[in-house]
Amino acid sequence: MRISISLLFIFLAFSGFGQSRPTDNWIDFGSDHINKWLQIAPGTLGPNSLPVPLMDYALLDSISNIETGVHAHFMEGDQAVNSYLSFCWAVVPKRVVVQVRGFPTETFQTDNSVRDERQIYYDDTGWITQGGDMWLSIFIQLLKEQKKWPDIVLSYSNKSTTGGATQGRYTDAPANVYYIAFGKSYFPKESFIDKVRIGMMLGFYVWQTNKVELAQDEGPLYELGIDLNHKNLSWRNEIAGYNGYDAYRYVGIRGNNDPLIYLSNFTLSAKHFDWKWEYQTGIMDYHYQTFRFSALYKFSFRKLKTG
């Protein structure tokens, strides 16, 4: 009996050593936590860690809305499904909008080959579910419906630190996005397309890293898109990205901080609901094929009060 118990303890001890990660050849990025092995950059973390912002085409809505959806992400060695929730409040209809959005849950599996490449300390234990980040944004319509000038929207967004970093999914650090968007609509005559809207966005992306020599990374943000409309159907195609200054150049490695994506979006609009289907793929520093489906409920606070 004693021999059996002793052998069991020895087995458990060796099993424990087997679960530890070999970090001898890993780069220490400077913090005093196991997250020191992670590179805090969009190309080395999960798909929702430092996302490229979605463009509003410089046109704010007159009513508020709640959106909920499911996003699926696929790459070799990493699969994930996350929930999505957004609340937009038209504080001043068509002038000022406040949005709270985020990822209540993310369920993922990352195999050990990807974990070694990204220097994730923990072994693959199968599917894991964690909470994600939350973003708070404000949008202000500066110019609208001018004949010679495009519509203009100014926006600021701040990211929370609710998403954990130990599994290599989120940054566990704040981020800020500033941008100005431009949009202009055109109405073709005798065409299947009722309206064509061109949108452009320019801004600045700032996020905190774990590198001692340079505690944050930052760089310009840009996006260009076209929105084709036929009755209540919209089809958007966009190219977007940003370029980091590269906080990790001091250790002689690539920044992995220049994500460039292509996005295609179909929206079917009704009186109270919109239905959205979306596909996103990375051209650089975004390694996932992403599919999104969501439903958006539109409402007015004034109507709710009077109703």
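**Close-ups of a predicted model**

**View 1. Glu-238, a buried acid with no salt bridge.** Glu-238 is buried but has no salt bridge, and Arg-236, the nearest side chain of opposite charge, sits 4.7 Å away. "Buried" here means under 20% relative accessible area, with exposed over 50% and partly exposed in between (1.4 Å probe, protein chains only). A salt bridge needs a side-chain nitrogen of Lys or Arg within 4 Å of a carboxyl oxygen of Asp or Glu. For charge, Lys and Arg count as positive and Asp and Glu as negative, while His and the chain ends are not counted. You'll find Glu-238 in strand β11 (residues 233–242). Its side chain does make a polar contact, with the side chain of Tyr-57 at 3.1 Å. That term covers a pair of N or O atoms within 3.5 Å; within protein, one must be able to donate a hydrogen and the other to accept it, and residues adjacent in sequence count only if both atoms are side-chain atoms.

This is a predicted model, so local features need pLDDT of at least 70 and side-chain atom pairs count only at pLDDT 80 or more, while totals for chains, interfaces and linings use all residues. Residues are numbered from 1 along each chain as its sequence is written, and side-chain values use heavy atoms, with hydrogens and water left out.

**View 2. The whole chain, for orientation.** The protein chain has 307 residues, and 45% of them count as buried. Its secondary structure comes to 3 helices and 14 strands; these are DSSP runs numbered from the N terminus, helices being H or I with at least four residues and strands E with at least two. Taken along the principal axes, the C-alpha atoms fill a box of roughly 85 × 45 × 35 Å. Across the whole structure, a search turns up 11 salt bridges.

**View 3. Arg-118 and Asp-78 pair up in a salt bridge.** Their side chains meet at 3.3 Å, N to O. The pair links distant parts of the chain, with Arg-118 in helix α2 and Asp-78 in strand β2 (residues 78–92), 40 residues apart. Both partners are buried, and Arg-118 counts as such because its relative accessible area is 8%. Arg-118 has another partner in this view: its side chain makes a polar contact with the side chain of Tyr-288 at 3.2 Å.

**View 4. Arg-169 meets Glu-106.** The salt bridge between these side chains spans 2.9 Å, N to O. It links distant parts of the chain: Arg-169 is in the loop between β7 (151–159) and β8 (175–186), Glu-106 is in strand β4 (residues 106–110), and they are 63 residues apart. Arg-169 is at 1% relative accessibility, so it counts as buried. Glu-106 is also at 1% and counts as buried.

**View 5. Asp-274 and Lys-298, then the shared network.** The side chains of Asp-274 and Lys-298 form a salt bridge at 3.0 Å, N to O. Asp-274 lies in strand β13 (residues 273–284) and Lys-298 in strand β14 (residues 289–299), so the pair ties together parts 24 residues apart in sequence. Asp-274 counts as buried at 10% relative accessibility, and Lys-298 is buried with a relative accessible area of 12%. Going back to the pairs in the earlier views, salt bridges that share partners join Asp-78, Glu-106, Arg-118 and Arg-169 into one network.

**View 6. The second largest pocket, about 220 Å³ in volume.** It is lined by 15 residues, with Gln-39, Thr-44, Glu-117, Arg-118 and Asn-256 nearest its centre. The lining divides into 6 nonpolar, 6 polar and 3 charged residues. Helix α2 (residues 112–118) gives the most to that lining, with 3 residues. Pockets are found on a 1 Å grid over the protein atoms alone, as open sets of points where a 1.4 Å probe fits, with protein on both sides within 12 Å along at least five of seven lines; lining residues have an atom within 4 Å of a point. Grid points are joined across faces, edges and corners, and the volume is the space filled by probe spheres set on them. Ala, Val, Leu, Ile, Met, Phe, Trp, Tyr, Cys and Pro count as nonpolar, Asp, Glu, Lys and Arg as charged, and the others, Gly among them, as polar.

**View 7. Gln-119 and Asp-285, non-glycines with positive phi.** Gln-119 has a phi of about 60° and lies in the loop between α2 and β5 (128–130). With a relative accessible area of 9%, Gln-119 is buried. Asp-285 has a phi of about 55° and lies in the loop between β13 and β14. At 5% relative accessibility, Asp-285 counts as buried too.
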